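Subject: Structure handover

Dear colleague,

Please find the structure below, handed over for you to look through alongside this message. My notes on what was found in it follow underneath.

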Amino acid sequence: PPFSGFSALIANRQAEFRYAVGGILRELGFAVEGYRTAQELSVAARELQPDIVLLDEALPDLSGTDAAALLHQDIATADIPIVLFRSAVNGRALEADVLFDHVTVMLKPFTVAQLRETCTAALSTEDPSFVLDEEQVPK
């Protein structure tokens with residue numbers, strides 16, 4: 001799998017979303033842990049130091065944007081790439097694609113290919129040498 005050896009943390013209030021996206025990420029090779037709240041995820045991110053964090057905008061305790069800002073401000077988690085899931089309004093994001101360094105916005109709904117491409121792009125900002133070979137890309 002293309003992301004073998006990589007770890008990801010997901011925060012979303014819906015268990016079904018965490019299960020579905022976690023399953024896709026596992027198929028891509030990620031070790032995945034899921035959390036319901038920003039608080040749970042931030043504690044885990046400090047401890048586990050994942051390669052990437054995936055946050056939903058609508059978390060029960062904080063907005064995903066605020067959670068991303070807190071992770072960005074904490075020296076222990078500041079450099080972890082973040083994918084922020086947002087719902088599209090008429091097919092457009094409400095804000096820019098990149099909020100600040102290490103945060104990439106991804107519109108919902110999305111395809112497996114879009115998730116893979118977004119994770120690849122987020123990780124490549126962390127490690128410019130990270131590129132998937134076509135042979136590594138799941139169909």
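**The strands around β3**

Ile 10 has Leu 54 in β3 as its bridge partner, and this is a convenient place to begin reading the model, which is a predicted one. The pairing between strand β1 (residues 7-11) and β3 runs in the parallel sense and extends over four bridges. On the pairing of β3 with strand β4 (residues 82-87), the sense is again parallel, and four bridges are found there. Within that second pairing, Asp 56 stands opposite Phe 85 in β4. To get from β3 to β4 the chain passes through α3, and the β-α-β crossover made in this way is right-handed.

How many of the residues of strand β3 are buried? Five of the five residues in the strand (residues 52-56) are buried, so β3 is largely enclosed by the rest of the structure. In a regular strand, side chains alternate between the two faces of the sheet. Both faces of β3 are covered, since Ile 52, Leu 54 and Asp 56 are buried on one side, and Val 53 and Leu 55 are buried on the other. Leu 54, which is the bridge partner of Ile 10, and Asp 56, which stands opposite Phe 85, thus belong to the side that also holds Ile 52.

**Aromatic pairs**

The count of aromatic pairs comes to six. One of them is formed by Phe 3 and Phe 6, whose rings are edge-to-face, at 5.9 Å centre to centre and with 85° between the planes. Phe 3 has a relative accessible area of 0%, so it counts as buried. Phe 3 and Phe 6 also belong, together with Phe 30, to one aromatic cluster.

Another edge-to-face pair consists of Phe 17 and Phe 110, with 6.3 Å from centre to centre and 85° between the planes. Because Phe 17 lies in helix α1 (residues 15-27) and Phe 110 in the loop between β5 (103-108) and α4 (112-126), this pair ties together parts that are 93 residues apart in sequence. Phe 17 has a relative accessibility of 15% and therefore counts as buried, the cut-off being under 20%.

**Two backbone details**

The loop between β5 and α4 also contains Pro 109, and the peptide bond that joins Lys 108 to Pro 109 is cis, with omega at about -5°. In the loop between α2 and β3 lies Gln 49, where phi is near 50°, a positive value in a residue other than glycine. Is Gln 49 buried or partly exposed? With a relative accessibility of 40%, Gln 49 counts as partly exposed.

**The largest pocket**

The largest pocket holds about 160 Å³ of space. Which elements give two or more residues to its lining? They are α2 (38-48) and α3 (64-73), and α2 gives the most, with five residues. Among the lining residues are Ala 38, Gln 39, Leu 41, Ser 42 and Arg 46, and the lining also includes Asp 61, Leu 62, Ala 67, Leu 70, Leu 71, Asp 74 and Thr 77. By residue class, the lining of this pocket divides into six nonpolar, three polar and three charged residues. Helix α3 therefore appears twice in these notes, as part of the pocket lining and as the helix through which the chain crosses from β3 to β4.

With best wishes

Conventions:
Residues are numbered from 1 along each chain as its sequence is written. This is a predicted model: local features need pLDDT of at least 70, side-chain atom pairs count only at pLDDT 80 or more; totals for chains, interfaces and linings use all residues. Side-chain values use heavy atoms; hydrogens and water are left out. On a 1 Å grid over the protein atoms alone, a cavity is a set of points where a 1.4 Å probe fits but cannot get out, and a pocket is an open set with protein on both sides within 12 Å along at least five of seven lines; lining residues have an atom within 4 Å of a point. Grid points are joined across faces, edges and corners, and a volume is the space filled by probe spheres set on the points. Ala, Val, Leu, Ile, Met, Phe, Trp, Tyr, Cys and Pro count as nonpolar, Asp, Glu, Lys and Arg as charged, and the others, Gly among them, as polar. Buried means under 20% relative accessible area, exposed over 50%, partly exposed in between (1.4 Å probe, protein chains only). Two strands pair if DSSP finds at least two bridges between them. A crossover is right-handed if, with the strands pointing away from the viewer, the path from the first strand over the helix to the second runs clockwise. Rings of Phe, Tyr and Trp (its six-membered ring) pair if their centres lie within 6.5 Å; planes under 30 degrees apart count as stacked, over 60 as edge-to-face and the rest as tilted.
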